[in-house]
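Grab a pencil and open the viewer. Here are a few short exercises, each with a worked solution.

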Amino acid sequence: MIGENGQRLLERVRPLLEAMGRRVDEVTEASPIIGRNLNGEIVFGDGDRVFVKQLGGMAAGERHARSVSFHECVRLADAGADLRAPALRAAHAPSVSLAYEWVDARSTFAQSIREVEAETDEVRRAGRCVAALHSLEVIDPDAIDRSRPMFPPAGPNAMSRETFYGSTMGQLDMWRFIQRDQPLLDALNLLVDRSRDGRRTPAHGDLRADQIFLTAEEAFMLDWEEFRLGDPARDVGAMLGEVFYHRLRRTIVDASMHADELDDADVVRFGSEAIDTSRPLAQAFWRGYRDRVADDIVDAAFVDRAVSYFGWQLFDRSLASGTYFGRVSALDRALAGIGREAIVGSDRYGAVLGLDDLSTQEVTA
Ligand SMILES: Nc1ncnc2c1ncn2[C@@H]1O[C@H](COP(=O)(O)OP(=O)(O)OP(=O)(O)O)[C@@H](O)[C@H]1O
Ligand SMILES: [Mg+2]
């Protein structure tokens with residue numbers, strides 16, 4: 001019996017299922033999954049199971065094309081065993097929808113980082129996966145997007161009209177915070193310039209720890225809407241940001257069990273505790289990455305850019321939660337504060353994350 005929401009989902013993905021060679025009347029289960037897009041799980045009478053996604057919001061057509069292009073790039077190149085993503089079963093451009101092989105995850109990378117004793121082996125494995133992506137050979141130069149990502153904002157009109165009207169009050173608060181801060185704007189402009197001028201590789205562009213699935217043996221990366229030829233330091237920084245973000249969330253959730261209210265001073269103290277517990281994980285990720293990636297990808301300024309992107313990821317996290325809560329919380333302000341420090345002082349902040357003593361040669365040893 002398929003419920004009302006399931007029926008609605010099926011209506012939307014009917015052409016997609018047809019592109020897959022399936023019919024709606026073969027479906028036995030259809031359950032929506034929460035996300036930015038219209039997502040769901042669909043099971044057919046013969047047991048076949050897929051994850052479906054109909055893109056909504058800004059630039060859906062471009063995001064659809066990029067998602068498809070990832071699988072095309074992998075198909076053309078010899079990707080190697082470390083690069084794993086759910087197989088694309090069908091894509092239907094007119095309805096901006098996608099169907100993927102269903103992956104049964106043991107846990108997500110986000111859950112794994114939040115464990116009391118996060119396993120450095122898993123973090124290292126994630127580093128290898130990201131390195132495998134950056135090592136993907138581009139066989140067809142037309143099969144990959146080369147446009148500049150929308151974020152971080154750069155240039156005199158950092159925030160487009162579209163972004164402005166698409167933002168919640170909480171996000172606008174955060175934007176105001178960014179726009180009034182000239183050293184931060186200068187550092188972001190510099191970062192975007194450096195990323196454009198440096199060596200570019202296939203890159204995910206929107207890595208989040210909850211978008212990495214861990215099975216017993218493998219790590220699957222999901223959600224390729226921002227896949228393009230980009231700065232590899234961006235993905236590395238995003239992952240380091242994710243490690244810290246999930247450690248900090250964990251610390252704050254634990255603390256709120258024992259106290260009714262947390263003030264800003266508490267949040268700052270938890271920030272430094274989370275940095276301490278993140279450091280060995282950040283180092284493990286970096287080791288895994290360096291083990292697998294070619295030396296010429298990691299240029300002299302790579303760590304600096306990665307640290308800036310670490311900072312940007314914290315901003316991005318606080319902007320995203322503005323979407324859901326409408327107001328900027330103490331946690332979000334702490335993320336933005338630490339994020340700012342890392343972006344503006346990326347040359348010093350590498351040491352805080354424990355990346356300073358891991359030079360190119362030492363790491364491969
Ligand atoms: N192939 C898959 N197999 C099983 N579950 C999946 C698969 N792909 C995605 N999911 C689940 O659905 C969630 C949302 O997927 P995805 O990130 O692609 O969509 P989204 O609309 O961008 O959602 P979000 O806003 O959470 O990023 C994932 O975090 C994961 O839990
Ligand atoms: Mg997603």
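**Exercise 1.** Work out where ligand 1 lies relative to domain 1 and domain 2.

*Solution.* Keep in mind that this is a predicted model. Start with the domain bounds: domain 1 runs over 4-101 and domain 2 over 107-364. Next, check who gives residues to the shell around the ligand: both domains do, so ligand 1 lies between them.

**Exercise 2.** Describe the shell around ligand 1 by its residues and their classes.

*Solution.* Count first: 19 residues surround the ligand, and Asn-37, Lys-53, Glu-101, Gln-211 and Asp-223 are the closest. Then sort the shell by class, which gives eight nonpolar, four polar and seven charged residues.

**Exercise 3.** Find polar partners for ligand 1 at Asn-39, Val-103 and Arg-208, then say how much of the ligand the protein covers.

*Solution.* Take the ligand's oxygen atoms to begin with. One is 2.9 Å from a side-chain N or O atom of Asn-39, and a polar side-chain atom of Arg-208 sits 3.1 Å from an oxygen atom of the ligand. Now try nitrogen: a nitrogen atom of ligand 1 is 2.9 Å from a polar atom in the backbone of Val-103. On to cover: alone, ligand 1 has 610 Å² of accessible area, and the protein covers 88% of that. As for elements, β3 (49-54) and β5 (97-101) are the ones that give two or more residues to the shell.

**Exercise 4.** Characterise the second largest pocket: what is its volume, and which residues lie nearest its centre?

*Solution.* The volume comes out at about 220 Å³. Of the 18 lining residues, Arg-148, Pro-149, Ser-195, Gly-230 and Asp-231 lie nearest the centre. Looking at elements, α7 (182-197) and β10 (228-230) supply at least two lining residues each. Split by class, the lining has seven nonpolar, four polar and seven charged residues.

**Exercise 5.** Hunt for backbone oddities at Pro-152 and Ala-59.

*Solution.* First, the rule of thumb: most peptide bonds are trans, and most residues other than glycine have a negative phi. Now look at the bond between Phe-151 and Pro-152: it is cis, with omega at about -5 degrees. Pro-152 is in the loop between α4 (120-134) and α5 (161-165). Then check Ala-59, not a glycine, yet with a positive phi of about 50 degrees. Ala-59 belongs to the loop between β3 and α2 (60-76).

Definitions and conventions. Residues are numbered from 1 along each chain as its sequence is written. Chains are lettered from A and ligands numbered from 1 in the order in which they are written. This is a predicted model: local features need pLDDT of at least 70, side-chain atom pairs count only at pLDDT 80 or more; totals for chains, interfaces and linings use all residues. Side-chain values use heavy atoms; hydrogens and water are left out. On a 1 Å grid over the protein atoms alone, a cavity is a set of points where a 1.4 Å probe fits but cannot get out, and a pocket is an open set with protein on both sides within 12 Å along at least five of seven lines; lining residues have an atom within 4 Å of a point. Grid points are joined across faces, edges and corners, and a volume is the space filled by probe spheres set on the points. Helices (H or I, at least four residues) and strands (E, at least two) are DSSP runs, numbered from the N terminus. Ala, Val, Leu, Ile, Met, Phe, Trp, Tyr, Cys and Pro count as nonpolar, Asp, Glu, Lys and Arg as charged, and the others, Gly among them, as polar. A residue is near a molecule or strand if one of its heavy atoms lies within 4 Å of it. A polar contact is a pair of N or O atoms within 3.5 Å; within protein, one must be able to donate a hydrogen and the other to accept it, and residues adjacent in sequence count only if both atoms are side-chain atoms. Accessible areas come from the Shrake-Rupley method with a 1.4 Å probe; for residues, only the protein chains shown count as cover. Domain bounds come from an automatic or database domain assignment.
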